[in-house]
Structure formats: structure tokens, C-alpha cells
Amino acid sequence: ASSFARMFVQVCLYFYCKCLWRCLKFVVRKLTGQCELQRICYNTKPGAARTMKIEASLKGSKSKRLQTSVNVHPDAIEKTIDDIMELKRINPDVNPQLGVSLQACLLQIVGYRNLIAEVEKLRREPYDSENPQHEEMLLKLWKCLKPNSPLKARISKQWCEIGFQGDDPKTDFRGMGLLGLYNLVYFAEWDTEIAQQVLTDSLHPKYSQLSKAEWEKKKFDKAIGYSFAIVGINITDLAYNLLVSGALKTHFYNVAPEAPTLTHFQQTFCYLMHEFHKFWIDEDPLDIMEFNRVREKFYKRILRQLQNPEMALCPHFAASESLINM
């Protein structure tokens with residue numbers, strides 16, 4: 001009975017607040033002469049703060065046309081803006097900037113949804129050793145990371161040198177599919193110097209940031225390394241979860257003036273790899289069995305950062321530039 005009473009009270013409060021909110025919006029529109037979308041665009045600076053408010057306003061509208069506007073095809077955005085202006089009885093000639101602002105927001109909103117679909121498609125596609133393109137990407141990863149050490153055979157223990165678990169990397173891509181390979185290749189190809197340094201540090205972390213003499217002076221006796229490729233696939237999973245949960249909206253809406261793309265996602269992966277490496281060294285775990293604890297702590301730190309609407313994890317479009325200047 002008590003649980004039913006609590007549920008009844010919650011339902012009543014929900015409808016009361018919803019009706020009260022509708023009334024307040026009506027009163028504010030009458031007083032200001034502006035609808036909620038106008039007030040957001042005119043009073044909130046461009047970026048995540050504005051786009052997320054616009055997204056919430058459209059999704060929370062009582063109009064089905066407004067609710068579905070966040071799901072339109074990118075080619076239909078201009079027509080959708082015209083429909084919104086007509087529905088809200090806003091004269092585009094008197095409010096020319098409003099249409100521009102709404103279009104930018106919708107491009108980001110729709111683009112984020114499409115990015116999730118693109119990333120999900122890559123994640124679901126398994127690595128196929130019979131596919132020449134997949135094999136070419138895998139060999140490119142080796143060449144970028146180990147340019148001075150030719151791969152002696154496709155099936156080789158050498159793969160362990162860049163952090164795979166066995167002599168055939170294809171088995172390690174099961175969790176993240178091609179997405180894990182795409183991210184690792186992007187990092188190795190476009191941030192080659194940093195990727196190679198992170199790989200070296202992951203193998204010899206004890207001397208990664210301090211000289212041997214400095215480490216001996218500090219009497220550090222652990223500094224556990226990790227498997228570069230396996231951690232890269234794991235960080236891909238972390239980035240994927242940030243994306244599908246919506247946490248990365250803050251970052252993407254701040255760095256992508258229009259629709260965020262796969263390149264933006266891959267640049268974010270580069271940043272997360274670099275940051276996780278520093279975090280791992282700082283945490284100085286007792287052994288590799290602490291990986292999940294360190295990863296969870298790192299994940300929570302990134303989530304806290306993304307709660308700030310001003311946050312941009314890597315503010316530049318070129319991930320290499322942002323990492324080098326850190």
C-alpha cells in the first residue's frame with residue numbers, strides 16, 4: 001500500500017510540474033514576446049550549452065513535429081527549420097539569425113545520432129582475415145608502430161611486441177570489431193610519434209617520464225606496463241560507451257561547428273589513449289590485475305569533466321596538434 005501511495009504521489013507531482021511548466025512557458029512567452037527556442041538562441045552562446053538546451057526543448061515539446069525534428073535526415077534540416085518557424089509563428093525576415101542558429105544546432109544533434117550509427121556499424125563488423133582491406137589495415141598498424149622491424153610472417157609472435165595477446169591479432173578484435181582496428185590505425189598513422197612513444201612507455205613504463213637515475217633515487221620498484229593494442233581496444237570500448245550514453249555530446253557540440261564525424265570520434269580516442277597512459281603511470285598500480293580499477297577511475301574522471309557544458313576534451317580538430325601542445 002505504501003509503495004502504491006508513493007507511486008501515486010510521484011505521478012501526481014509529475015503531471016502537476018508538467019502543467020506548471022507549460023503555464024510558466026506560456027506566461028514567459030507573453031511577457032517577452034519570444035518562444036523558448038528564441039530565448040535559448042538569443043541568450044545562450046553557441047556550443048554545447050545552446051545545442052543541448054535546444055535538443056531538450058524540441059524533445060520535450062508537446063508538438064510531434066518538433067519532437068521528431070531531431071530525427072530528420074541531414075538533407076531535410078532546412079525544410080525542418082522552415083516548419084519550426086512556421087509552427088512557432090516566427091517571421092524569418094524579422095529573425096534571420098534564429099534560423100541560422102537552429103540549423104547549426106540541428107546539424108549537431110542529427111550528426112551525433114548518425115555518428116552513433118556509423119560507430120555501431122563498425123563495432124558490429126567482425127575482423128575478417130579473408131578480407132584484403134582488413135588485412136591491409138592490420139599490416140599498416142604494424143608498419144606505423146614498428147617501421148624499423150619488418151614483420152616476418154602474418155602469423156607471428158611479433159604481434160605481442162605491440163600489445164596483442166597471441167600470434168594472430170584477429171582474435172583480439174572480437175569485442176569491438178573493426179572499430180578497435182580503425183582507432184588503433186588512426187592513432188598510429190596520424191599521431192605516429194606520440195603513438196610510438198606511448199607504445200615504448202607501455203613496454204618500459206619505469207623510465208617513461210623520468211630518467212633511470214631519477215627513478216632509482218625515488219626508489220620506485222614497480223611501474224607496471226600494459227599491452228598497448230589490448231588497452232587501445234579497451235579504450236575504444238570506453239569511448240564507445242561515452243558516445244552512446246550521450247556523455248560526449250558536451251565535447252562534440254563544443255568542437256564540431258556542424259555535424260560531428262568519425263574523425264572527431266577517432267581524435268577523441270587519441271586523446272583518451274594519451275590521457276589514460278599518463279593516468280596509468282600516475283596511478284602506479286601494483287600489477288596488471290588492477291587494470292579494471294584504474295580504467296573505472298579514469299572513466300569516472302572523464303565523465304566528471306564532460307558534465308561541464310564548456311568542456312572540450314581536445315579542443316582542436318587535429319588531435320596531434322592538441323596532444324603535442326598539452
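Helix α8 is mostly covered, with 11 of its 14 residues buried. The model is a predicted one. The helix runs over residues 177-190. Its buried residues include two glycines, Gly-177 and Gly-180. Leucine recurs among them, at Leu-178, Leu-179, Leu-181 and Leu-184. Asn-183, Val-185, Tyr-186, Phe-187 and Ala-188 complete the buried set. These residues pack against α6 (96-124), α7 (132-145), α9, α11 (228-244) and α13. The length of α8 fits its residue count. At 1.5 Å a residue, 14 residues should span 20 Å, and the end C-alpha atoms lie 21 Å apart, which agrees.

Helix α9, one of the partners of α8, covers residues 192-203. Its 12 residues should span 16 Å at 1.5 Å a residue. The end C-alpha atoms are 17 Å apart, in agreement with that value. The buried residues of α9 are Ile-194, Ala-195, Val-198, Leu-199, Asp-201 and Ser-202. Viewed down the helix axis, they fall within an arc of 165°, so they line one face of α9. An α-helix has 3.6 residues a turn, so residues three or four places apart point the same way.

Helix α13 also packs against the buried residues of α8. It spans residues 262-283 and contains Glu-275. The relative accessibility of Glu-275 is 9%, so this residue counts as buried; the cut-off is 20%. The side chain of Glu-275 makes a polar contact of 3.0 Å with the side chain of Lys-278.

The cysteines were examined next. A search of the whole structure finds 0 disulfides. Cys-41 is buried, with a relative accessible area of 4%. The cysteine sulfur closest to that of Cys-41 belongs to Cys-105, at 5.4 Å. This distance is too far for a bond, because a disulfide requires sulfur atoms within 2.5 Å. Cys-144 also counts as buried, at 17% relative accessibility.

At the level of the whole chain, the secondary structure comes to 15 helices and 0 strands. The chain has 326 residues, of which 45% count as buried. Contacts between residues at least 6 apart in sequence were also analysed. Of these, 67% join residues at least 24 apart. The accessible surface of the chain comes to about 17700 Å². Carbon and sulfur atoms account for 56% of that surface.

Methods: Residues are numbered from 1 along each chain as its sequence is written. This is a predicted model: local features need pLDDT of at least 70, side-chain atom pairs count only at pLDDT 80 or more; totals for chains, interfaces and linings use all residues. Side-chain values use heavy atoms; hydrogens and water are left out. Helices (H or I, at least four residues) and strands (E, at least two) are DSSP runs, numbered from the N terminus. Buried means under 20% relative accessible area, exposed over 50%, partly exposed in between (1.4 Å probe, protein chains only). A polar contact is a pair of N or O atoms within 3.5 Å; within protein, one must be able to donate a hydrogen and the other to accept it, and residues adjacent in sequence count only if both atoms are side-chain atoms. The expected span of a helix is 1.5 Å times one less than its number of residues. The arc is that of the directions from the helix axis to the C-beta atoms. Contact means heavy atoms within 4.5 Å. Accessible areas come from the Shrake-Rupley method with a 1.4 Å probe; for residues, only the protein chains shown count as cover.
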